[in-house]
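I opened this notebook to record what I looked up in one model, beginning with strand pairing and ending with backbone geometry.

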Amino acid sequence: MTESGVNILGDSKALVTEIERLKKEKDVLILAHYYTRGEVQEIADVVGDSFQLAKMAQESTNKIICFCGVSFMGESAKILNPDKKVLIPAPSAGCPMADMVDYDQIAGLKEKYEDLAIVSYINTNADVKRLADVCVTSSNAMKIVSNLPNENIYFMPDMNLGSYIKNQVKGKNFILHEGYCKYHHHVDIKEVKDLKEKYGYDVLAHPECRESVVEEADIVGSTKALLEYVAATKKKGYIVCTESGILHQMKKVSPESEFIIPSSMNDCRDMKKIDLESLYLTLRDETGEVILDEGLIKDAKAPLIKMMEMS
């Protein structure tokens, strides 16, 4: 229901109108990850990957930030903006990979290894981030890890991204946490090879894919990097080994291209929980607010700020 009592749920056009009105009325910045639904990306103020969105959250001057993404993204926005109200349209949208590491697994690591840097992929929950020396995303991990002075690197939670960085950065000893993205990790290398042989298209792979898929790829990178490659090359077609939400933007930058996602690359169910209805209701009622303890915010902010500085 709108304030006037009109039921607009199910009416996409009316929902968009109301979201735009509420956004202006309440001074809301809407951020959306590339993996969200196309309808959500269209109404967002900024669409990007984890690093882009974290940076925009940090620089925001709006009263409210509405983060269309999974829970750790909303937490990061709150940590960087403790005085702002941060909302998530689908509070139950989590990240299975983030849940593959917890506080007890990381506490005490520095007592086991000398000269150790704990590097946390941004895909972690706030209570784990507080133990990290620095956070990274797939777009800046290589640069940041390369510039760390430490000999030993504990990389968490994604062993596939960690392995990709380990193969590129020499002179360091990597200890990889055994976590993974439940979607990218299961991209089937045989299917990718068969598709490449059949179509002859470039293979684009996110480094959360397993090493065999990454080695087969013509370009490996963050969602932003893959999108930029498509925009720069505009080839006949691409085999895209990452979540289908990115196709909404790829088709904009290269509308004549064919995009094929392997059937073994499934959609992120949590990202797809966010739709126009949940976004509208969140803005209308200001529900789904991210609440974090002040001490946790203080501890978890340091590795995020260091990420910004080292990027």
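I fixed one term beforehand: two strands pair if DSSP finds at least two bridges between them. I also note that the model is predicted.

**Entry 1: the sheet.** I looked up the strand order and found an open sheet of four strands, arranged 6-5-7-8, with parallel pairing. Strand 6 (134-136) and strand 8 are the edge strands, each pairing on one side only. From one strand to the next, the twist averages 30 degrees.

**Entry 2: strands 5 and 6.** I checked this pair next. Three bridges link strand 5 (residues 116-121) with strand 6 in the parallel sense. Within the pair, I found V119 opposite V134 of strand 6.

**Entry 3: strands 7 and 8.** I then turned to strand 7 (residues 152-156) and strand 8 (residues 173-176), which run parallel and are joined by four bridges. Here F155 stands opposite L176 in strand 8. I traced the connection: the chain leaves strand 7, passes through helix 9 (residues 159-168) and reaches strand 8 in a right-handed β-α-β crossover.

**Entry 4: helix 9 on the sheet.** Which strands does helix 9 touch? I recorded strand 5, strand 7 and strand 8, as the helix packs on the sheet. The direction of helix 9 makes about 170 degrees with that of strand 8.

**Entry 5: the cis peptide.** I looked up the peptide bond between M156 and P157 and found it to be cis, with omega about -10 degrees. P157 is placed in the loop between strand 7 and helix 9.

**Entry 6: positive phi values.** I noted D115, a residue other than glycine, with a positive phi near 50 degrees. D115 sits in the loop between helix 6 (109-112) and strand 5. I classed D115 as partly exposed because its relative accessibility is 40%. I also noted E286, which is not a glycine yet has a positive phi of about 55 degrees. The loop between helix 14 (276-285) and helix 15 (294-310) holds E286. Its relative accessible area is 26%, so I entered E286 as partly exposed.

**Entry 7: D127.** I located D127 in helix 7 (residues 126-129). Is D127 buried or partly exposed? I entered partly exposed, because the relative accessibility of D127 is 33%, and buried means under 20%. Leaving aside neighbours within four places in sequence, D127 is in contact with Y103 and L296. I also looked up D127 against I291: they are 164 residues apart in sequence and 13 Å apart in space, C-alpha to C-alpha.

Technical notes. Residues are numbered from 1 along each chain as its sequence is written. This is a predicted model: local features need pLDDT of at least 70, side-chain atom pairs count only at pLDDT 80 or more; totals for chains, interfaces and linings use all residues. Side-chain values use heavy atoms; hydrogens and water are left out. Helices (H or I, at least four residues) and strands (E, at least two) are DSSP runs, numbered from the N terminus. A crossover is right-handed if, with the strands pointing away from the viewer, the path from the first strand over the helix to the second runs clockwise. Axes are lines fitted to C-alpha atoms, for helices over the stretch in contact, and angles run from 0 to 180 degrees between N-to-C directions. Contact means heavy atoms within 4.5 Å. Buried means under 20% relative accessible area, exposed over 50%, partly exposed in between (1.4 Å probe, protein chains only).
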